[in-house]
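The following paragraphs lead through one protein model. Please have the sequence and the coordinates open while reading.

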Amino acid sequence: MRIFPDCILVIALLVSSSPARAKGGFDYLTIKGPGITGEINVTNPALTADFFAFADFSKGELSPPANPGEGYQVVRVNVVTDNDKPTPIPFDQLHYYPYTGFVYYDGLISGASEYDGKWYSANPAAEEPFRAVLAERARLAWIPFAVLILLLAVFFIAYYRKPKGTMDKRP
């Protein structure tokens, strides 16, 4: 009769892990917006560990702002391993306006909630890690350009410093 307590333990573990996943713990974010070519993937725990990382939806919705400013599309993604193949599953989407402090919650990707399609106040704790991600991306974007300029400068200097050859005078 040892099987019965083991089954209860397994069920308890499964049930206790489900609510924790619903409150956040995303594997990564994809971000699109001004200054970003394509999209970037972010795994910073300050932005992925908590469902309320960008806005505390329980504080209630706001009236739509007249001009929210520049915003970034954020898709929160979980990775599910099926047959040893990781598959990204988008969970939800929001638009984050770090410069004016707003969040527009587009909603769940495969479903709906009472928070969908509403404006919320941004969580101030998200601003610093979000800006750090953008700054890192900007630094990485300049590296190929800087290498190109450096190579051009080396070739330019080498070309003009080459010894001047004397011309052969043949009779």
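Start at a single pairing: the bridge partner of Phe 102 is Ser 121, a residue of strand 6. The model is predicted, and this pairing belongs to a pair of strands that run antiparallel, with four bridges joining strand 5 (residues 102–108) to strand 6. Strand 6 covers residues 118–121 and has the highest mean pLDDT among the elements of the chain, at 96.

From this pair the view can be widened to the sheet. The sheet is open, has six strands in the order 2-1-3-4-5-6, and its pairing is antiparallel. Strand 2 (40–42) and strand 6 stand at the edges. Each of these two has a single partner strand, so one side of each is left without a neighbour in the sheet. From one strand to the next, the twist averages 35°. In general, strands of a sheet pair through backbone hydrogen bonds, and the pairing is either parallel or antiparallel.

Next, consider one residue within the sheet. Leu 29 lies in strand 1, which spans residues 28–32. Is Leu 29 buried or exposed? Its relative accessible area is 0%, and Leu 29 is therefore buried, the cut-off for that label being under 20%. Leaving aside residues up to four places away in sequence, Leu 29 touches Ile 40, Asn 41 and Val 42, the residue range of strand 2. Its other contacts on that basis are Leu 47, Thr 48, Phe 54, Val 74, Val 75 and Arg 76. Thr 43 is 14 residues from Leu 29 along the chain, and the C-alpha atoms of the two are separated by 6.6 Å.

The chain as a whole has three helices and six strands. Along the sequence these elements follow the pattern α-β-β-α-β-β-β-β-α. Of the contacts between residues at least 6 apart in sequence, 52% join residues at least 24 apart. Buried residues account for 25% of the 171 residues. The exposed surface of the chain is about 12,000 Å², and carbon and sulfur atoms supply 63% of it.

Last comes the question of confidence. The average pLDDT of the chain is 79, and 75% of the residues score at least 70. Which element has the lowest mean pLDDT? That element is helix 1 (residues 3–22), with a mean of 38. The pLDDT is below 50 over residues 1–22, and this stretch has three contacts in the model beyond near neighbours in sequence.

Definitions and conventions: Residues are numbered from 1 along each chain as its sequence is written. This is a predicted model: local features need pLDDT of at least 70, side-chain atom pairs count only at pLDDT 80 or more; totals for chains, interfaces and linings use all residues. Side-chain values use heavy atoms; hydrogens and water are left out. pLDDT is the predictor's confidence in each residue, from 0 to 100. Contact means heavy atoms within 4.5 Å. Buried means under 20% relative accessible area, exposed over 50%, partly exposed in between (1.4 Å probe, protein chains only). Accessible areas come from the Shrake-Rupley method with a 1.4 Å probe; for residues, only the protein chains shown count as cover. Two strands pair if DSSP finds at least two bridges between them. Axes are lines fitted to C-alpha atoms, for helices over the stretch in contact, and angles run from 0 to 180 degrees between N-to-C directions.
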